[in-house]
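Hello,

Here is the structure I promised to pass on to you. Please have it open while you read, and my notes follow below.

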Amino acid sequence: MPDTDDAKRRLGIMAAQRISSGTRLGIGSGTTARAFIEALGRRVAEEGLDVTCTAASSVSERLAAHYGMTVIPLTEARDLDLAVDGADAIGTEGVLIKGGGAALVRERLVIASARHRLILVDDSKPIGPLHNVSVPIAVIPFGWTYVMAQVLTFAAQVTLRTLEAKPIVTDDGLYVLDAQFANLSDPLAMHQSLKLIEGVADTGIFAGYNPEIWVGNAQTEWPLQSF
């Protein structure tokens with residue numbers, strides 16, 4: 001996916017230009033967050049930029065530290081100036097679907113802790129009404145089969161996310177279910193309903209955070225859309 005990779009690289013470079021020395025930054029996870037960290041890391045090395053950050057995954061933590069950023073846990077971060085992350089899909093009114101990289105619990109905490117949120121997506125990601133969308137759900141391993149049965153009362157299909165026939169385990173020791181919805185017409189209501197199921201830690205439906213969203217491709221110097 002060279003075009004997609006280049007789009008993420010360009011978005012990462014543009015987002016990194018927004019960061020000033022002394023910024024208290026929240027960083028998400030996944031390939032788009034990686035592109036941002038790498039671009040910001042070059043500024044840290046070349047300009048001596050002083051950046052303190054909290055990252056939503058152990059992978060992002062290690063990468064940010066590798067590039068010379070000061071990485072602190074969220075418990076020490078207090079208010080973050082800006083959170084930068086990607087998304088798997090963008091719904092109406094700034095609703096995000098996240099969790100493709102299984103870091104949804106920490107991603108929400110980072111986004112919620114920031115005064116401003118910037119979401120970077122390439123134009124291959126679904127944008128608009130959330131039809132035929134997959135929503136990750138982080139669950140307590142002990143009761144994942146019970147949770148799956150309950151989620152099936154809302155979703156068309158639910159699967160346990162695995163790798164090499166073993167459940168994927170998040171940084172917080174959780175499993176991830178992927179729930180397929182034909183039409184997610186009220187994302188916030190669905191998030192609230194799913195959260196009421198015993199054993200659900202969080203869902204990948206992020207609503208009400210009013211993020212700034214940049215959508216770009218491999219050819220543009222600036223985002224195709226900014227809303």
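**Strand β7 and its partners**

Let me begin with strand β7, residues 114-122, which is mostly covered: seven of its nine residues are buried. Please keep in mind throughout that this is a predicted model.

Strand β7 has parallel partners that you can pick out in the viewer. Strand β4 (residues 80-85) runs parallel to β7, and five bridges join them. If you want a pair of residues to look at, Val84 has Leu118 as its bridge partner in β7. Strand β15 (residues 212-216) also pairs with β7 in the parallel sense, over five bridges. There, Asp122 is matched with Gly216 of β15 as its bridge partner.

**A small open sheet**

There is also an open sheet of three strands, in the order β5-β6-β14, with antiparallel pairing. Its edge strands are β5 (89-90) and β14 (205-206), each of which pairs on one side only. Between β5 and strand β6 (residues 96-97), the antiparallel pairing rests on two bridges. Ile90 is a good place to look, as its bridge partner in β6 is Leu96.

**Helix α2 and Thr32**

Next comes helix α2, which covers residues 31-47 and includes Thr32. The helix has 17 residues and reaches 24 Å from its first C-alpha to its last, close to the 24 Å expected at 1.5 Å a residue. Its buried residues are Thr32, Ala33, Ala35, Phe36, Ile37, Ala39, Leu40, Gly41, Arg43 and Val44. Just after α2, Gly48 takes a positive phi of about 70 degrees.

Is Thr32 buried or exposed? Its relative accessible area is 6%, and the cut-off for buried is under 20%, so Thr32 counts as buried. Which residues does Thr32 touch, leaving aside its neighbours within four places in sequence? Thr32 is in contact with Lys8, Gly86 and Leu120. The contact with Gly86 is worth a look: Thr32 and Gly86 are 54 residues apart in sequence, and their C-alpha atoms are 5.6 Å apart in space.

**Helix α7 and Met190**

Further along the chain, helix α7 (residues 187-195) holds Met190. With a relative accessible area of 16%, Met190 falls under the 20% cut-off and is therefore buried. Beyond its neighbours within four places in sequence, Met190 is in contact with Phe154, Phe181, Leu184 and Ile205. For a pair that lies apart, try Met190 and Pro167: they are 23 residues apart along the chain, and 25 Å separate their C-alpha atoms.

**The chain as a whole**

Now for the overall picture. The chain contains seven helices and 16 strands. It is divided into domain 1 (4-126 + 209-216) and domain 2 (131-204). Where the two meet, domain 1 contributes 14 residues to the contact and domain 2 contributes 20 residues. Taken over C-alpha atoms, the centres of domain 1 and domain 2 are separated by 24 Å.

How does the radius of gyration of the chain fit that of a compact globule, and what are the values? With 227 residues, a compact globule would have a radius of gyration near 17 Å, and the chain has 17 Å, so the two agree. The C-alpha trace spans about 55 × 35 × 35 Å along its principal axes.

As for burial, 51% of the 227 residues of the chain count as buried. The accessible surface of the chain comes to about 10,800 Å², and carbon and sulfur atoms account for 52% of that surface. Among the contacts in the chain with a separation of 6 or more, 73% come from residues 24 or more positions apart.

If you would like somewhere to start, I suggest Thr32 with its contacts Lys8, Gly86 and Leu120, followed by β7 with its parallel partners β4 and β15.

Happy browsing, and best wishes

How values were computed:
Residues numbered from 1 in each chain as written. Predicted model: local features only at pLDDT ≥ 70, side-chain atom pairs only at ≥ 80, totals over all residues. Heavy atoms only, no water. Helix = DSSP H or I, 4+ residues; strand = E, 2+ residues; numbered from the N terminus. Buried < 20%, exposed > 50% of the residue type's maximum accessible area, 1.4 Å probe, protein only. Contact = heavy atoms within 4.5 Å. Expected span 1.5 Å × (residues − 1). Pairing = 2+ DSSP bridges. Rg over C-alpha atoms; globule rule 2.2 N^0.38 Å. Areas by Shrake-Rupley, 256 points an atom, 1.4 Å probe, with all protein chains shown as cover. Domains from an automatic or database assignment.
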